[in-house]
Amino acid sequence: PASTTEPRPGDPAVGGVPLSEIADRFGTPVYVLDEAEVRARCRTYRRAFPDADVLYAAKAFLCRAMVRWMAEEGLGLDVCSAGELELAVTAGFRPERIVLHGNAKSPHDLDTALRLGVGRVVIDSPSEIARLAAAVGPRGRQKVMVRVVPGISAGGHEKIRTGTDDQKFGLSITDGHAQHAIARILSQPQLELTGLHCHLGSQITSVKPYLAAVRRMVGLMARLRRQHGLLLPELDLGGGHGVAYRPGDAALDLSALARRVRTELAAACAAAGLPVPRLIVEPGRAVAGPAGIALYRVLAVKRTGGHVFVAVDGGMSDNPRPALYGVRYAPRLIGRPGTAAEAAVTVAGRHCEAGDILADGVPLPGDVRPGDLLAVPVAGAYHLSMASGYNLVGRPPVVAVRDGRARLLVRRESLKDIRVRDVGL
Ligand code: LLP
């Protein structure tokens with residue numbers, strides 16, 4: 001997680017900057033991103049997967065600084081909209097290092113991908129094949145992969161499982177849709193199939209499903225060789241690498257993943273008489289999540305119905321994850337040492353909705369009071385990127401810290417920003 005030191009008791013510093021200082025200077029709620037930690041995580045991936053392509057899944061969190069850091073650390077990008085793609089390319093990212101995903105790519109998504117020269121388009125449905133080929137035009141050629149559903153159940157929550165046939169992404173191996181789509185792609189001169197892709201789901205903490213995926217995907221590659229004489233040079237195993245949201249939570253062991261996937265892939269390919277394809281991985285959460293912290297100010301403390309509600313100035317609009325997936329966080333009091341014994345409290349958000357609870361039954365010092373600051377660790381992925389405009393509170397800013405300095409990466413959404421979009425009346 002974000003590398004914390006504690007120069008003053010109860011007031012941890014990240015990247016050399018005390019968190020209370022960031023709250024005072026930039027206001028709350030605010031996301032703090034530890035640049036050194038993001039970069040360290042990229043390097044961990046590069047070291048663990050020295051001969052693979054590591055693509056950062058931009059949906060976890062993207063801004064121009066993040067794009068630059070990914071480029072400098074030698075990662076590629078996985079994007080799933082024209083918006084993410086444009087942001088990356090206009091920030092100087094090489095388009096050929098970008099892969100475009102999506103189960104429902106709009107004409108604008110595809111046109112933007114072709115106009116900017118995206119490296120790969122990942123085909124997710126049969127109808128996309130002809131659409132993409134037509135958009136490429138008679139003289140062009142676009143590299144594509146196919147998103148295959150390997151029929152493997154994995155992932156931290158039902159809503160983020162994508163390896164089985166009963167969800168919306170990809171083309172199934174079991175019912176032959178993947179094989180069918182591949183045959184159609186091979187008949188399109190405008191499309192060049194470079195490999196297979198699968199993404200099992202998110203917040204996976206065991207290596208085993210990835211090994212099963214390797215076997216299934218190599219099995220399909222072997223069939224494709226028999227049927228079409230096809231040798232695919234790339235295998236993309238997606239992301240989904242789980243992180244610990246609370247101390248003691250399980251996380252995926254990256255070096256074990258890398259080592260065992262490599263061994264499994266080599267063995268499966270040897271058994272099938274196939275050359276080993278170049279491996280691609282697409283981590284999002286594991287790159288950005290633990291490097292971010294969300295800071296809130298306590299606005300109200302209330303004892304009722306057997307609960308102590310500690311209400312803060314953010315909530316489900318800046319972090320919908322507890323409400324969506326029941327994710328449990330470990331907020332802590334910062335800015336001052338707690339002086340009373342810890343007691344279980346419910347950290348509530350500010351939104352007009354009873355389900356707006358950030359953390360339930362978590363220990364905080366009994367003297368927590370309005371004006372205090374709370375820090376929620378592991379807020380770097382799927383927080384701002386999933387933030388909404390609920391109750392028109394404005395989305396929080398992102399502040400990067402590094403070497404004792406804090407700088408604004410994304411400014412707070414103001415009421416004026418919200419008002420200018422309202423063009424009716
Ligand atoms: N590749 C593909 C094709 C994906 O769909 C995703 C995530 C990733 C890579 C990156 O997965 P990661 O390594 O970050 O787990 N909003 C949810 C997560 C949904 C992820 C969707 N796709 C959350 O807050 O947990």
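**Exercise 1.** Find the bridge partner of arginine 8 in β2, and then work out which strands of the small open sheet stand at its edges.

*Solution.* Start with the pair itself: in β2, arginine 8 has aspartate 11 as its bridge partner. This is a predicted model, in which local features need pLDDT of at least 70, side-chain atom pairs count only at pLDDT 80 or more, and totals for chains, interfaces and linings use all residues. Residues are numbered from 1 along each chain as its sequence is written.

Next, look at the strands (DSSP runs of E, at least two residues, numbered from the N terminus; helices are runs of H or I, at least four residues). β1 and β2 (residues 11-14) run antiparallel and are joined by 3 bridges; strands pair if DSSP finds at least two bridges between them.

Now step back: the open sheet has 3 strands in the order β1-β2-β3, paired antiparallel. β1 (4-8) and β3 (17-18) are at the edges with a single partner strand each, so one side of each has no neighbour in the sheet.

**Exercise 2.** Trace how the chain gets from β5 to β6, and from β6 to β7.

*Solution.* First, β5 (residues 53-57) pairs with β6 in the parallel sense over 3 bridges, and alanine 57 has aspartate 78 as its bridge partner in β6. Between these strands the chain passes through helix α3 (residues 64-72) in a right-handed β-α-β crossover (clockwise from the first strand over the helix to the second, with the strands pointing away from the viewer).

Then, β6 pairs with β7 (residues 98-100), also parallel, over 3 bridges. Helix α4 (residues 82-90) links β6 to β7, and this β-α-β crossover is right-handed.
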